[in-house]
There are 2 protein chains.
Amino acid sequence: MDTIKQLSEGQKRELERHLSIIRRGAVEIIPEDALVKKIATSIVSGKPLRVKLGLDPSAPDIHIGHTVVLQKLRQFQDLGHEVQLIIGDFTGRIGDPTGKSETRKQLNEDDVKRNAATYEKQVYKILDPQRTKFHFNSTWLEKMNFQDVLQLAAKATVARMLERDDFAKRYSNNQPIHIHEFFYPLMQAYDSVSLESDIEIGGTDQTFNILMGRTVQGASSFKDSQVAILMPLLEGLDGNQKMSKSLGNYIGIDETPNEMFGKTMSIPDNLMLKYFELSTSITNEELLKLKQGLKEGHVHPRDAKVQLAKEFVRMYHSEPAAEQAEQHFINVFQKRSLPENIDEMHVRIDLLEEGNISINKLLVTLGFVSSNSDARRSVFQGAVKLNGTKLLDPNERVEINSGDIVQVGKRKFAKIVVG
Amino acid sequence: MDTIKQLSEGQKRELERHLSIIRRGAVEIIPEDALVKKIATSIVSGKPLRVKLGLDPSAPDIHIGHTVVLQKLRQFQDLGHEVQLIIGDFTGRIGDPTGKSETRKQLNEDDVKRNAATYEKQVYKILDPQRTKFHFNSTWLEKMNFQDVLQLAAKATVARMLERDDFAKRYSNNQPIHIHEFFYPLMQAYDSVSLESDIEIGGTDQTFNILMGRTVQGASSFKDSQVAILMPLLEGLDGNQKMSKSLGNYIGIDETPNEMFGKTMSIPDNLMLKYFELSTSITNEELLKLKQGLKEGHVHPRDAKVQLAKEFVRMYHSEPAAEQAEQHFINVFQKRSLPENIDEMHVRIDLLEEGNISINKLLVTLGFVSSNSDARRSVFQGAVKLNGTKLLDPNERVEINSGDIVQVGKRKFAKIVVG
């Protein structure tokens, strides 16, 4: 490519640096060479690229799954580019004229405004407001008349539309597809025409729609149609399905530090690195180090997960909140296997010697066992815990204080009151 | 049906009379019972029905093929109903945004106006201006915004559209169908919504589009969706293909009496009754009589065709013009097989006996044969004609006058000058 041949050595290194950041985590970039050319041109000219993301006007609560694309936008901003956030208010206002689609509920103007405000508040936890512009697609779409709409419709074919996975499936299953449904991808495509977007980012489920933007821009005699950057869909807490509010397997960025921390600790180990890569801002170098540490065994998965959880709380709340949430989690975790209400049981202070008592004696005193030999058996079975820690020697003398929890088996609990 | 039960005996007879006129020539009426109900209601209420016909804004020259639907409209007018003629100027102005369709050329406003004026002049040769209203579909279509268009598009499904013959064929042959093409039937359908049409008339090639009007009216909560009355496509002069200007097999209603007469005389005999039924205003009784006459052989096909030709000239010109055209045709027909310029040849008057001369002698005199036996041979071969009539007996004496044409074989002609 000519543009690249003209780069100085320094510019070439800069190009490689930009590309390595942009490629991080992306499933596909279509077409890759057009991206390289756009970045190179921007480096030479100093002119920022316009990077577009469409937002669903009906679901304004952002969760970690959504932040995958927002993180990518932030990376673009850090490289000097501009972000275009499109709120599909026009699409939302229309809803589904047949009234049959659950995913296309009709929103009124107040809904749209409220949702937009919610978005704004949330996305600035990740994006740089100086390099972010919100757009409502009603601005251009509501001005279009029938003739404009027909001209837009002429830019795509029926066969191409029926290639979209969901349409293809419904068509072959003889489920009705109403003609207006073809316009959702066309409207999204026209947004890119109207905003002259250089790049559009989305999850892999947006591949068809984003490429339609490329097609429609091309048919509108654009010089360089937009590049699609397709990000993976992040699995939710269950480790299987795409994170989504309706499935309940999500971590919302507006959740409290404790909820956020706790939910993060529940994700499966095998997803941890994916979460780090896609939804945090740790550098590529840190990411590599972490990956190696886990692989070689000198980083414990549980510690890495604590790091991830703290990272999220730090990003969406603050550093002190992250520390507090960790502490809270430890407390909660230690008590996790305990029932809600544990009976208090008195241990007479004269049974203690310097605050200590043998385990045998403690268990007999509490009435949890019928004899020393019964106590011994329980300990050897691993059934006896003090404050969550298993006790292994029936003759050991342990220190007890008021508030300590003694457990035998799965059912017997006592909260000690000394005195 | 309740409406029909409520009719008086007189009204029932009136209903039957109306229906027999409306059914004449129609291939299909969909649905038949809705038509019966609409006619019955109109008879009771005295309220005329609104009968719609869409006109192609790009082809304003009306030929006999087009008059099939116009005759049907005229029958409705004679029964007291109102005609709505829609000029698809909006559709015409858009043309085909892909620029690929020959049948969807883009028209400018002047084209549309000129074509509309042409239509108006022509259709009033058939329709009653008092009961005819012209509409331009731009009136309502150009007011529609994107949201309105989507609401219209939601009223039909992709699968249904792909049932239309031409779409089905193209889809299965992997030929592109651009999405805007789905809107031509939808716009035509919306015209029926906008005009609250009771009935739409068209050729059988319009079946899909007219039924789409029914669907869209129904989805727009119309009480009684329009009824489709589908007329046959009239074959052109070649007797095979649909009459059309581009094929050249048409009789234009603006053609001169002589052209009209001559072209009509050239249609195949087997189409004659179809032409009478569909494109003239002779009554059902006259039609039946003609049919029987032809069948039983006491009406010669050629005479019936002359009647048809005169009927057309009478309808689109005048009674005297019809007489003149017939005369002209006879003259032309008699001279049809003759070359443009025929040499005059003198026959001395003293060779005639009471104006007569034997054929042998005539041919020798003119120098067309070398001998009596040569003359005899030519006659027996059927090569000799006087004024287009074959002469069969070489010894026959025939009367000749100045101006008569004598022909031997394909090449030898003489115009006689006696004296």
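To compare copies of a chain, they are superposed by least squares on the C-alpha atoms of residues with pLDDT of at least 70 in both. What you're looking at is a predicted model, where local features need pLDDT of at least 70, side-chain atom pairs count only at pLDDT 80 or more, and totals for chains, interfaces and linings use all residues. Residues are numbered from 1 along each chain as its sequence is written, chains are lettered from A and ligands numbered from 1 in the order in which they are written, and side-chain values use heavy atoms, with hydrogens and water left out.

Let's start with the pair of chains. A turn of 180 degrees and a shift of 0.4 Å along the axis lay chain B on chain A, with an RMSD of 0.6 Å. The two copies are thus related as by a two-fold rotation axis. Which residue of chain B comes closest to that axis? That's Asn145(B), whose C-alpha is 2.2 Å away from the axis. The same surface serves both copies, too: 100% of the contact residues of chain B recur in chain A (contact means heavy atoms within 4.5 Å).

Now for the inside. A nonpolar core is a set of buried Ala, Val, Leu, Ile, Met, Phe, Trp, Tyr and Cys residues joined through side-chain atoms within 4.5 Å; buried means under 20% relative accessible area, with a 1.4 Å probe and protein chains only. The largest such core has 67 residues, and Ile229(A) and Tyr275(A) have the most contacts inside it. Domain 1 (2-231) and domain 2 (257-335) of chain A both give residues to this core, so it lies between them; the domain bounds come from an automatic or database domain assignment. Not counting residues up to four places away in sequence, Ile229(A) touches Ile22(A), Leu35(A) and Phe76(A), among others. There's also a second, separate core of 65 residues, including Leu49(B) and Met260(B).

Next, take a look at helix H18 (residues 359-366) of chain B; helices here are DSSP runs (H or I, at least four residues), numbered from the N terminus. Ile359(B), Asn360(B), Leu362(B), Leu363(B) and Leu366(B) are buried in H18(B). They cover an arc of only 165 degrees around the axis, which puts them on the same side of H18(B); the arc is that of the directions from the helix axis to the C-beta atoms. Just after H18(B), Gly367(B) takes a positive phi of about 80 degrees.

Finally, find Lys263(B) in helix H13 (residues 257-265) of chain B. Its side chain makes a polar contact with the side chain of Glu255(B), at 2.9 Å. A polar contact is a pair of N or O atoms within 3.5 Å; within protein, one must be able to donate a hydrogen and the other to accept it, and residues adjacent in sequence count only if both atoms are side-chain atoms.

Terms used
Buried < 20%, exposed > 50% of the residue type's maximum accessible area, 1.4 Å probe, protein only. Helix = DSSP H or I, 4+ residues; strand = E, 2+ residues; numbered from the N terminus.
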